[in-house]
There are 2 protein chains.
Amino acid sequence: MLRMTLGTRSTLVQQVISRLSEQIAAGEWPVGSKIPTEPQLVEILGVGRNTVREAVRALTHAGVLEGVQGSGTYVRSTDELTGVVARKFGAADVGHTIEVRRALEVEAARLAALRRTPDDLARLDAALAARDVAWATGDTDVFVEADADLHVAVVAAAHNPMLAELYASVLAAIKASVAVAVGPAMLAGTHIDHAQIVAAIRDGDPDRAAREAGRFLEAPARA
Amino acid sequence: MLRMTLGTRSTLVQQVISRLSEQIAAGEWPVGSKIPTEPQLVEILGVGRNTVREAVRALTHAGVLEGVQGSGTYVRSTDELTGVVARKFGAADVGHTIEVRRALEVEAARLAALRRTPDDLARLDAALAARDVAWATGDTDVFVEADADLHVAVVAAAHNPMLAELYASVLAAIKASVAVAVGPAMLAGTHIDHAQIVAAIRDGDPDRAAREAGRFLEAPARA
DNA sequence: CACCATAAATCGTCCCATGATTCTAGTCTG
DNA sequence: CAGACTAGAATCATGGGACGATTTATGGTG
């Protein structure tokens with residue numbers, strides 16, 4: 001009796017978790033919105049309140065949902081990776097996290113040079129221009145945001161959803177960790193270089209794109 | 001009343017999750033072992049059964065625990081990253097996952113060249129020798145295992161715990177996905193090259209180490 | 001209109017009961 | 001005595017009800 005795990009997703013709670021996850025992934029419950037109350041979910045799903053609560057609790061721990069006593073349960077994120085990465089990397093050395101980011105971004109730049117479409121190039125040019133404008137304003141918060149947008153655009157041009165999600169999660173963890181400190185540190189002489197990585201991606205030169213991407217984040221230290 | 005989140009970890013369930021996670025992380029409940037029964041946890045932790053169940057369910061969804069009806073609850077993994085990555089990457093294109101692995105491994109090789117200790121080099125030599133022995137046996141399963149050990153040793157020499165954990169999780173996801181197919185594909189002419197990456201790490205040449213590491217996984221395709 | 005007290009809504013915790021599944025121990029049979 | 005079968009215990013899965021804590025809505029009062 002080997003009983004495949006297809007017919008019955010084994011436990012009821014797992015089925016409820018799947019249904020809730022689908023609703024969230026499909027965008028029917030957007031980030032920040034309030035999901036139905038527990039009694040409503042009990043009626044909608046046709047299961048007991050304990051089952052609903054265990055499913056909601058599982059997604060809460062995963063960083064997807066967030067319960068507020070007296071108010072309701074809200075959608076916090078669409079994917080579980082961000083929450084787990086934040087917990088893992090939040091308690092760790094920021095330098096190590098930045099090295100992980102560097103790893104992902106360098107490979108993403110290489111892939112982007114091979115796979116970028118005309119649309120990708122248009123988005124990269126737009127992000128680059130927006131970054132220049134943000135630079136001119138002198139507002140570090142605005143600039144950091146625009147800078148992040150450009151980096152995300154580079155990773156998106158790699159056309160690898162897994163890589164993009166991981167990168168976004170790591171970037172979020174870094175933002176949460178240092179927030180302010182990262183801004184000034186990157187404002188030094190890194191302004192001009194960013195045009196060159198876009199150029200390398202446009203030229204379809206993976207090695208040069210990877211080299212340029214690696215230059216953004218200071219060369220790793222020996223310790 | 002801004003009520004910092006330190007004094008009370010907000011909800012009871014979260015506190016229970018933390019305590020269970022600590023027990024597991026500390027190795028007091030090893031992987032594969034059975035944790036106390038629900039009534040026992042109720043008494044040990046001094047909380048209600050629903051609270052225990054919600055905490056256990058959260059860790060079950062995270063891939064840390066696994067409940068077996070009629071038998072008990074068992075430890076499945078020590079970290080939550082593996083489970084989440086497996087769920088995310090398991091449903092995705094294996095090629096994309098391999099690209100993520102490549103990203104992590106290339107940067108790890110670069111860092112290893114900068115930070116490797118004598119102990120690291122000893123372990124790398126041992127893993128390289130073990131891989132040669134496994135190659136000689138002709139048993140693909142044994143060889144794939146020894147090959148993975150060498151790659152893990154390279155990543156470990158980078159001395160970046162976050163990078164190492166992520167790499168291990170991605171590697172596990174790849175193993176679970178393809179299992180057999182990966183073996184034959186890598187057996188071609190990649191046998192000799194592995195000595196060169198260890199040599200590059202020993203010489204402390206980060207660029208060469210990165211280049212050699214990138215060579216293991218076939219150059220990414222345009223599509 | 002502003003402020004405050006009360007009530008309602010909602011999640012958090014606890015307890016009890018029952019079903020489904022697995023493990024254990026004893027018993028029976030050959 | 002060995003093996004298999006059965007009855008019971010142990011354990012997790014699910015459902016239901018109750019009460020507390022917190023937030024939100026409501027309405028009254030100056």
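**Figure 1. A salt bridge between E99(A) and R115(B).** In this predicted model, E99(A) pairs with R115(B) across the two chains, and their closest N and O atoms are 2.3 Å apart. A salt bridge here is a side-chain nitrogen of Lys or Arg within 4 Å of a carboxyl oxygen of Asp or Glu. Between chain A and chain B the count is 12 salt bridges. There are also 19 residue pairs in polar contact between these chains, with both residues at pLDDT 80 or more. A polar contact is a pair of N or O atoms within 3.5 Å; within protein, one must be able to donate a hydrogen and the other to accept it, and residues adjacent in sequence count only if both atoms are side-chain atoms.

A word on conventions: residues are numbered from 1 along each chain as its sequence is written, while chains are lettered from A and ligands numbered from 1 in the order in which they are written. Because the model is predicted, local features need pLDDT of at least 70, side-chain atom pairs count only at pLDDT 80 or more, and totals for chains, interfaces and linings use all residues; side-chain values use heavy atoms, leaving out hydrogens and water.

**Figure 2. The side of chain A that touches chain B.** Here α1, α3, α4 (80-90), α5 (94-115) and α8 (161-178) of chain A each supply at least two residues. Helices (H or I, at least four residues) and strands (E, at least two) are DSSP runs, numbered from the N terminus. Look for α5(A), which gives the most to this side, with 11 residues. By residue type, this side of chain A divides into 22 nonpolar, six polar and 14 charged. Ala, Val, Leu, Ile, Met, Phe, Trp, Tyr, Cys and Pro count as nonpolar, Asp, Glu, Lys and Arg as charged, and the others, Gly among them, as polar.

**Figure 3. The area buried between chain A and chain B.** In contact (heavy atoms within 4.5 Å) are 42 residues of chain A and 42 residues of chain B. Together the chains bury about 4100 Å², with 60% of it on carbon and sulfur atoms. Buried area is the accessible area (1.4 Å probe) that two parts lose on being put together, summed over both. E54(A), R57(A) and M162(A) supply 15% of the area that chain A buries against chain B, more than any other three residues.

**Figure 4. The axis that relates chain A and chain B.** A rotation of 180° with 0.0 Å of shift along its axis places chain A on chain B, with an RMSD of 0.1 Å. The two copies are thus related as by a two-fold rotation axis. To find the axis from chain A, start at A58(A), whose C-alpha is the nearest in that chain, 2.0 Å from it. The superposition is by least squares on the C-alpha atoms of residues with pLDDT of at least 70 in both copies. The copies meet through the same surface, because 100% of the interface residues of chain A are also interface residues in chain B.

**Figure 5. The surroundings of DNA strand D.** This strand is surrounded by 23 residues, the closest being L12(A), G48(A), N50(A), T51(A) and Q69(B). A residue is near a strand if one of its heavy atoms lies within 4 Å of it. A backbone N or O atom of G48(A) lies 2.8 Å from a phosphate oxygen of the strand, and a side-chain N or O atom of T51(A) lies 2.5 Å from a phosphate oxygen. N50(A) instead places a polar side-chain atom 2.9 Å from a base oxygen. The largest share of this surface, four residues, comes from α3(B).

**Figure 6. The surroundings of DNA strand C.** Around this strand are 21 residues, and the closest are Q69(A), L12(B), G48(B), N50(B) and T51(B). Sugar and phosphate make up 69% of the strand's atoms within 4 Å of the protein. A backbone N or O atom of G48(B) lies 2.7 Å from a phosphate oxygen, and a polar side-chain atom of T51(B) lies 2.5 Å from a phosphate oxygen. From chain A, a side-chain N or O atom of R57(A) lies 3.5 Å from a phosphate oxygen of this strand.
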